[in-house]
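Q: Please take a close look at a single part of this structure for a reader who is new to it. Begin with the part itself, then explain what surrounds it and how the rest is arranged.

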2 protein chains.
Amino acid sequence: MTETAKNIKLVIEYKGTSFCGWQIQKGQPTVQEEITSAIESVTSQRVNVIGAGRTDAGVHALGQTANFMIRHSLEPERYRDALNFYLPDDIRVKSSEEVDEKFHSRFSAVYRRYRYLVGLERSALYREFRYEVERRFDPARLKEAALRVLGEHDFSPFCVVASRQENNFCTIYQSRWYRIGPLLVYEVRGNRFLHSMVRSLVGAMLNLSDEDPDDHPANLTLDSFTDILLTPSGLRIPFTAPPHGLYLVSVGY
Amino acid sequence: MTETAKNIKLVIEYKGTSFCGWQIQKGQPTVQEEITSAIESVTSQRVNVIGAGRTDAGVHALGQTANFMIRHSLEPERYRDALNFYLPDDIRVKSSEEVDEKFHSRFSAVYRRYRYLVGLERSALYREFRYEVERRFDPARLKEAALRVLGEHDFSPFCVVASRQENNFCTIYQSRWYRIGPLLVYEVRGNRFLHSMVRSLVGAMLNLSDEDPDDHPANLTLDSFTDILLTPSGLRIPFTAPPHGLYLVSVGY
């Protein structure tokens, strides 16, 4: 029996702690390799699994999205349970479905949503799930900085230098800080994100200072942060918040 | 310089996953041993650390309370940071203070509050922090069962047989189920709790059934659950919810 090729879309949740990120790297535990291996265990076929976003080592995902083409008789909805049977407990496929053959989890995406959690006190339970900083932050300054991120900017100063591309413009639709109990939360939604961009934005905003930048050239003020967004130079923002506070929340199509 | 003895009260948070519970057991990792060792590292004295409640292996605490008597010049408030320096990351002292010499973390307590988290879907991130059950529950039945727990009862059927005491009466001031997103939460507050009592109550309530108990003698109905609370026999409830969903939230004085 010859099956026609199906394009299967997966929504995937994972705890990034034990993985060297999404993308397959030889000899390293990666989420993409675990998913690819699980598909192979189910179907005896090694396929190319395309992810919407390449999360770095330690970054978590609540709604990473991936797709792969396969000729197999398994019903698309059943990949969820079949893959979960083989996957380690810190990766869960939330849903599986057949999508149009033109669907591409990376190129078809119209937005990605990320969340960053800052814990304002040390936690015995949740330290793998937030960046813990025992400092005070000015909520008004964070709020204002988040507003300045909105819109279309060249975000190359917030990108790992080696990963910069020809076009580093991204459009940010939503950018805000809010507080829930001992957590400071940053939510950002945009059409695309450069390598380490959310962590660099968070690192910069958490390190905003009132001090005169002439006296402390390494410091960022709200004004110098805005200048970098408006007229980026070859500069690379020196603050990168650690990966374990970051979540890829969802990908929109 | 001779110090007068001080009674130091600690409020402690811990992730129970890696510990064989609170109470010291030779050769096993326990929270009480970690706290005792940290006090010894700070003061060079081995003291008797009294905990308000003996949590079982795997049970978490947000507000375990302990106290110890010590003659030492360290200011009471500074024990917090000093102990945290030596403690593993999954135990955090939230506060330390000097209390009256008569204060006893176990006998002075007037209530304990516990929480039990049931996850209604599998989570890649939080499986160590909730009991995951992919089943549907009748919220009205859970609500009603929780109400029947209120008041003073002989809870011996909900106690590990070997741990039963002469008097197994406990008074429950608060007992309720509620739902937050994919979580079912049970909150219970009482003057005392027997060994494994919260987990047995949760286990029993999650396993309530409509089936005729004459046909299925192992099943509990809302009526047979109530009968056990009103007229306990030597019976031991056969359902015990697993420890990793349980939190000792706070102890009241």
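A: A residue is called buried when its relative accessible area is under 20%, and exposed when that value is over 50%. The model shown here is predicted.

In helix α2 (residues 79-86) of chain A, the buried residues are A:Y79, A:A82, A:L83 and A:N84. The elements that cover these residues include the helix α1 (31-43) and the strands β1, β3 and β4 of chain A.

These strands lead to the interface with the other chain. Between chain A and chain B there are six residue pairs in polar contact. On the side of chain A that touches chain B, the elements that give two or more residues are β1 (6-14), β3 (60-70) and β4 (91-99) of chain A. Strands β1, β3 and β4 of chain A are thus named twice, because they are also among the elements that cover the buried residues of α2(A). Sorted by class, this side of chain A has nine nonpolar, two polar and 10 charged residues.

The interface can also be described by its contacts and its area. In chain A, 21 residues are in contact with 21 residues of chain B. The area buried between the two chains is about 1,700 Å², and carbon and sulfur atoms give 52% of that area. Within chain A, the residues that lose the most area to chain B are A:R122, A:A124 and A:L125, which together make up 35% of what that side buries. Charged side chains also meet here, with six salt bridges found across the interface of chain A and chain B. In one salt bridge, the side chain of A:D89 meets that of B:R127, with 3.6 Å from N to O.

How are the two copies related? A turn of 180 degrees, with a shift of 0.0 Å along the axis, lays chain A on chain B with an RMSD of 0.0 Å. The two copies are therefore related as by a two-fold rotation axis. Among the residues of chain A, A:Y126 comes closest to this axis, with its C-alpha at 4.7 Å. Of the interface residues of chain A, 100% are also interface residues in chain B, so the copies meet through the same surface.

Some loop residues also deserve attention. Most residues other than glycine have a negative phi. A:S196, however, has a positive phi of about 70 degrees and is not a glycine. A:S196 is placed in the loop between β9 (183-190) and α4 (197-206) of chain A. With a relative accessible area of 9%, A:S196 is buried, because that value is under 20%.

In chain B, B:S196 is placed in the loop between β9 (183-190) and α4 (197-206). B:S196 counts as buried because its relative accessibility is 10%. Not counting residues up to four places away in sequence, B:S196 touches B:F158, B:C159, B:V160 and B:R236. With B:R236 there is a polar contact between the two side chains, at 3.4 Å.

B:S44 also has a positive phi, near 60 degrees, and is a residue other than glycine. B:S44 is found in the loop between α1 (31-43) and β2 (50-51) of chain B. B:S44 counts as exposed, because its relative accessibility is 65%.

Key
Residues are numbered from 1 along each chain as its sequence is written. Chains are lettered from A and ligands numbered from 1 in the order in which they are written. This is a predicted model: local features need pLDDT of at least 70, side-chain atom pairs count only at pLDDT 80 or more; totals for chains, interfaces and linings use all residues. Side-chain values use heavy atoms; hydrogens and water are left out. Contact means heavy atoms within 4.5 Å. Buried area is the accessible area (1.4 Å probe) that two parts lose on being put together, summed over both. A salt bridge is a side-chain nitrogen of Lys or Arg within 4 Å of a carboxyl oxygen of Asp or Glu. A polar contact is a pair of N or O atoms within 3.5 Å; within protein, one must be able to donate a hydrogen and the other to accept it, and residues adjacent in sequence count only if both atoms are side-chain atoms. Helices (H or I, at least four residues) and strands (E, at least two) are DSSP runs, numbered from the N terminus. Ala, Val, Leu, Ile, Met, Phe, Trp, Tyr, Cys and Pro count as nonpolar, Asp, Glu, Lys and Arg as charged, and the others, Gly among them, as polar. Buried means under 20% relative accessible area, exposed over 50%, partly exposed in between (1.4 Å probe, protein chains only). Copies are superposed by least squares on the C-alpha atoms of residues with pLDDT of at least 70 in both.
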